[in-house]
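Student: Please take a close look at a single part of this model, and then follow its connections outward. I would like the geometric criteria stated along the way.

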Amino acid sequence: MSVDISPSTDAATKRKARLFRTLSTESVLVLPNAWDAASATVIAAAGATAIATTSGGVSWSLGCGDGQRLTRGEMVEAARRIVDSVDLPVTVDVEGGYGPAPADVAATVRAVIEAGAVGVNLEDSTAAGGPLFDVAEQSARLGAAKNAAAAAGLPELFINARTDIFLFAIGPSDARLGEVLARTAAYAKAGADSIFVPGLLDLDVLNTLCAESPLPVNAMVVAGGPSVTELAQAGVRRISLGTGLAQAAYTAARRAAAELLGTGGLTALDGSLDFSELDVLFRH
């Protein structure tokens, strides 16, 4: 008897999911974040072993601001194009899950798995800047993500639980680490595979967090902050860039346009990839 295997549970997706888990547990995983098929393809060509998306970059490319302003459908279609553009595991920033209820998160997880993703970021902010879901609410949402992945045939889906305690300076500064550790413990019980703490770049605090966390720690690098090596030495196991690459790309576009429109010069284009170097990447 033949069995119809859905795209969300095909062999290639499962293979990528297992590979992503291996990359996430056996080494320090560095993830330059992509926002469209072209950026993902260029990042893959640079030697990345996996691709993470950035909600900010995806949002900007679609003409809206960051902070849960995308619809689920817009995010999923962007993710699908990225998945289809590379032969690497792709983990998707699903922001707050595109709805507050566990059922909303479950629907989002099913959709990204169907698009071919093998991981998600799920944040505990109710909106940009906060407030946060309480621990019980976010734990239920993470549990819904875990259950939805299993029901979709991809129990290997990697769930990176993001907490915005430091990013949005929630609560007294001397209580933030304790709150992150409490949330991490709860999120681990709910089925999360790692904890993402954007905004935390103090190496001493990261050392403590990494030593006491029941989950591997993901940190976001920023220009002028600790290096990948320093973060790894602090115990961080996953390092991402957030909107950093998208910001650099759009900065380069603005700089070149300003020069052309101002002095008529083209020096801002010096060192650019050749047309042929880029075009060949898209000849599938």
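Tutor: The account starts from one aromatic residue and moves outward from there. The model is predicted, so to speak of local features requires pLDDT of at least 70 and side-chain atom pairs count only at pLDDT 80 or more, while totals for chains, interfaces and linings use all residues. Residues are numbered from 1 along each chain as its sequence is written, and side-chain values use heavy atoms, with hydrogens and water left out.

The residue chosen is Phe 158, which is found in strand S6. Helices (H or I, at least four residues) and strands (E, at least two) are DSSP runs, numbered from the N terminus. Phe 158 counts as buried because its relative accessibility is 4%. Buried means under 20% relative accessible area, exposed means over 50%, and partly exposed lies in between, with a 1.4 Å probe and protein chains only.

Leaving aside residues up to four places away in sequence, Phe 158 touches Phe 20, Arg 21, Ser 24, Val 118, Gly 119, Val 120, Asp 193, Ser 194 and Arg 238; contact means heavy atoms within 4.5 Å. The C-alpha atoms of Phe 158 and Val 120 lie 6.4 Å apart, although the two residues are 38 residues apart in sequence. Ser 194, another of these contacts, has its place in strand S7 and is buried at a relative accessible area of 2%. With the same exclusion of residues up to four places away, Ser 194 touches Phe 158, Ile 159, Asn 160, Ala 161, Leu 215 and Pro 216.

The aromatic criterion is as follows: rings of Phe, Tyr and Trp (its six-membered ring) pair if their centres lie within 6.5 Å, and planes under 30 degrees apart count as stacked, over 60 as edge-to-face and the rest as tilted. By this rule there are 3 aromatic pairs. Phe 20 and Phe 158 make up an edge-to-face pair, at 5.5 Å centre to centre and 80 degrees between the planes. Phe 20 belongs to helix H1 (residues 11-26) and Phe 158 to strand S6, so the pair ties together parts that are 138 residues apart in sequence. Phe 20 counts as buried, at 0% relative accessibility.

The rings of Trp 60 and Tyr 250 are also edge-to-face, because their planes stand at 65 degrees with the centres 6.4 Å apart. Trp 60 lies in helix H3 (residues 55-61) and Tyr 250 in helix H10, so this pair ties together parts that are 190 residues apart in sequence. Trp 60 is partly exposed at 35% relative accessibility, and Tyr 250 is partly exposed at 36%. Ring pairs link Trp 35, Trp 60 and Tyr 250 into a cluster.

Strands S6 and S7 also meet helix H7. The buried residues of H7 pack against helix H6 (135-151), strand S6 (158-162), strand S7 (194-196) and helix H8 (203-212). These buried residues are Arg 176, Leu 177, Val 180, Leu 181, Arg 183, Thr 184, Ala 186, Tyr 187 and Ala 190. An α-helix has 3.6 residues a turn, so residues three or four places apart point the same way. Helix H7 (residues 176-190) has 15 residues and reaches 21 Å from its first C-alpha to its last, close to the 21 Å expected at 1.5 Å a residue; the expected span is 1.5 Å times one less than the number of residues. Gly 191, just after H7, takes a positive phi of about 120 degrees.

The backbone geometry of some loops merits attention as well. Most residues other than glycine have a negative phi, and most peptide bonds are trans. Ala 169, in the loop between S6 and H7, has a positive phi of about 50 degrees although it is not a glycine. Ala 169 is partly exposed, with a relative accessible area of 42%. Tyr 98 has a phi near 60 degrees, again a positive value in a residue other than glycine, and lies in the loop between strand S4 (90-93) and helix H5 (102-114). Tyr 98 is buried, at a relative accessible area of 14%. A cis peptide bond with omega of about 5 degrees joins Gly 130 and Pro 131, and Pro 131 is found in the loop between strand S5 (119-123) and H6.
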